[in-house]
Amino acid sequence: MPKPSQIVGIDIGTTKVCALVVRVCDDEPLEVLGLGLATSRGVQRGVITDLDAATEAVASALDKAERLSGYHINSALLGIAGGHITCSQARGSINLPNGGEIGPGEMQRVLTAAREAELPVQREILHVLPRQYVVDGNGGVQDPTGMSGYQLDVDTHVVTAHVGAVQNALKVLSRVGLQADELVLQPLASAHAVLSAAERDLGVVLIDIGGGTTDVAIFIEDAPWHTSVLPLGGNTITNDLAIVLGIPTETAERLKVDVADAAPVPAAVSSALPGTGNSIKVENFEDGGYKTVSRELVHEVTSSRLSEILSMVLAEIRRSGYDDMLPAGAVLTGGGAQLRGATERATAVLGMPVRIGHPVDTTGLSEAVQSPAFATSVGLPIWRARSLTRSSRLRRNPSSRKDPSGRLAGWLREFLP
Ligand SMILES: Nc1ncnc2c1ncn2[C@@H]1O[C@H](COP(=O)(O)OP(=O)(O)OP(=O)(O)O)[C@@H](O)[C@H]1O
Ligand SMILES: [Mg+2]
């Protein structure tokens, strides 16, 4: 009987901080043991800009998660994002003396070689993710363990982050008394929560529209081939509404959630806000004051900004060079994906099939995390569980237990996704 293990993930988003304690047991659904939510502070476009404010928000989420789960939390996985993230491809190559057999040591050596092929200045390598192995020139190998040959190559997807941004995120964790098990690029975590294995295998793009960022991750042959973080999100639409209509941000947010529709042909919905026909009455700046805004203008502002964000995503997909390798289309997730008409607008802009991605089924406190806004939070523990399974061979190799940085609680940071 496999032993269930507990995993804690912390997603420090631009609008919310979520600490999730889950129990993972083999192929069973995640059991949510504790959920702590706090309004995010000190984070702009996915990057920590105020250590004190961010620490307070994380401490509050952590406290709630501990009280709900009954666990004392010492370490957690941390989701990371922001415009400072870059990705590239790197190849690692090693010789196998006398046509030797490929084992854990060789797998580790070839990943180290790929890692060392890219040593960017002032950047921290977050992930070195194998896309395919090549044994004596024969590519397309997913797992070469046990194969024999003279040369082993690996093609990897390398994700790097700005050192300062990483250090600030780790500082916040350490200030709330936690060690980082692993830093995980947020869209990679989201992808594991909302994409099916078939989609990841066939070719799909994940688009996580958060508050301050829109994350993009392209999966082909069950591996990430391209990742990117764009510095615009759902809050950009709210800000546009506030500026164009001359109303407070809170009113603009409510208008966006209750009334706005980004579809090319908006559906007729009865609004929760008062007003008739094309006019909607919304709260204005002064206490008790109201302002009448045009439904048409709300539609125009919302759809043009969402179209712009999606056009940037499309440009990113084209830049990757994989635009004709995505038969499974696009999956929209993140809180911003809940915008009315987002699917229709995305289908029109991207020119591919689009669906909304909700996190996979969970048990326990499951209802709370079923919204697309929790894709990253739910994805973090799934990412960890899958990493541990994939790396069970490396675990048997004592040399992989080194943690030269000494910062991470996890033993396998160097070589794992
Ligand atoms: N029903 C809704 N309709 C439209 N937008 C919504 C809805 N619910 C939430 N949002 C928007 O989703 C955004 C927040 O999404 P999410 O919680 O995924 O962001 P985050 O993880 O905090 O931020 P980020 O990932 O960008 O750092 C906000 O802009 C919010 O207005
Ligand atoms: Mg997010």
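In the predicted model examined here, the side chains of R355 and E199 meet in a salt bridge, with a separation of 2.9 Å from N to O. This contact links distant parts of the chain, since R355 belongs to strand β18 (residues 354–356) and E199 to helix α5 (residues 197–202), with the two positions 156 residues apart in numbering. The two partners are not equally accessible: R355, at 31% relative accessibility, counts as partly exposed, whereas E199, at 12%, falls under the 20% limit and therefore counts as buried.

Helix α5 takes part in a further contact of this kind through R200, whose side chain meets that of D222 in a salt bridge of 3.0 Å, N to O. Here too the pair links distant parts of the chain, with D222 placed in the loop between β13 (214–220) and β14 (223–230) and R200 in helix α5, 22 residues apart. D222 is partly exposed, with a relative accessible area of 42%, while R200 is buried, with a relative accessible area of 7%.

A salt bridge within a single helix is formed by R254 and D258, the closest N and O atoms of which are 3.0 Å apart. Both residues lie in helix α7 (residues 249–258), where their spacing of four residues corresponds to about one turn of the helix. In general, an α-helix has 3.6 residues a turn, so residues three or four places apart point the same way. R254 counts as partly exposed at 42% relative accessibility, and D258 is likewise partly exposed, with a relative accessible area of 21%. In addition to these pairs, R91, D153 and D155 are linked in a network of salt bridges, and the count of salt bridges comes to 15.

The loop that holds D222 follows strand β13 (214–220), and the burial of this strand was examined next. Seven of the seven residues of β13 are buried, so the strand is largely enclosed by the rest of the structure. Both of its faces are covered, with T214, V216, I218 and I220 buried on one side and D215, A217 and F219 buried on the other. Strand β12 (residues 204–209) runs antiparallel to β13 and is joined to it by six bridges, and a hairpin connects the two strands through four residues. Strand β14 is also antiparallel to β13, and seven bridges join this pair. A217 illustrates the position of β13 in both pairings, being the bridge partner of L206 and standing opposite T227 in β14. In the hairpin of β13 and β14, which has two residues between the strands, E221 takes a positive phi near 50 degrees.

Burial also extends to a helix, namely α4 (residues 186–194), in which nine of the nine residues are buried, so that the helix is largely enclosed by the rest of the structure. The buried residues of α4 are Q186, P187, L188, A189, S190, A191, H192, A193 and V194.

With regard to nonpolar packing, it is a general tendency that in soluble globular proteins nonpolar side chains are buried together. The largest nonpolar core of the model has 68 residues, of which I10, I12, L126, L178, L195 and V378 touch the most other members. Strand β2 (residues 16–24) gives the most to this core, contributing seven residues. Apart from the largest core lies another, of 40 residues, and among its members are V216, L245, L306 and A337. V216 is one of the buried residues on one side of β13, which places a residue of that strand in this second core.

Finally, internal empty space was considered, and a search of the whole structure finds two cavities of 30 Å³ or more. About 110 Å³ of space lies in the largest cavity. The largest cavity is lined by 13 residues, and those closest to its centre are G46, V47, I48, I80 and A169. The elements that give two or more residues to this lining are β5 (47–48), β6 (75–80) and α3 (163–175). By class, the lining has eight nonpolar and five polar residues and no charged residues.

Definitions and conventions:
Residues are numbered from 1 along each chain as its sequence is written. Chains are lettered from A and ligands numbered from 1 in the order in which they are written. This is a predicted model: local features need pLDDT of at least 70, side-chain atom pairs count only at pLDDT 80 or more; totals for chains, interfaces and linings use all residues. Side-chain values use heavy atoms; hydrogens and water are left out. A nonpolar core is a set of buried Ala, Val, Leu, Ile, Met, Phe, Trp, Tyr and Cys residues joined through side-chain atoms within 4.5 Å. Buried means under 20% relative accessible area, exposed over 50%, partly exposed in between (1.4 Å probe, protein chains only). A salt bridge is a side-chain nitrogen of Lys or Arg within 4 Å of a carboxyl oxygen of Asp or Glu. On a 1 Å grid over the protein atoms alone, a cavity is a set of points where a 1.4 Å probe fits but cannot get out, and a pocket is an open set with protein on both sides within 12 Å along at least five of seven lines; lining residues have an atom within 4 Å of a point. Grid points are joined across faces, edges and corners, and a volume is the space filled by probe spheres set on the points. Ala, Val, Leu, Ile, Met, Phe, Trp, Tyr, Cys and Pro count as nonpolar, Asp, Glu, Lys and Arg as charged, and the others, Gly among them, as polar. Two strands pair if DSSP finds at least two bridges between them.
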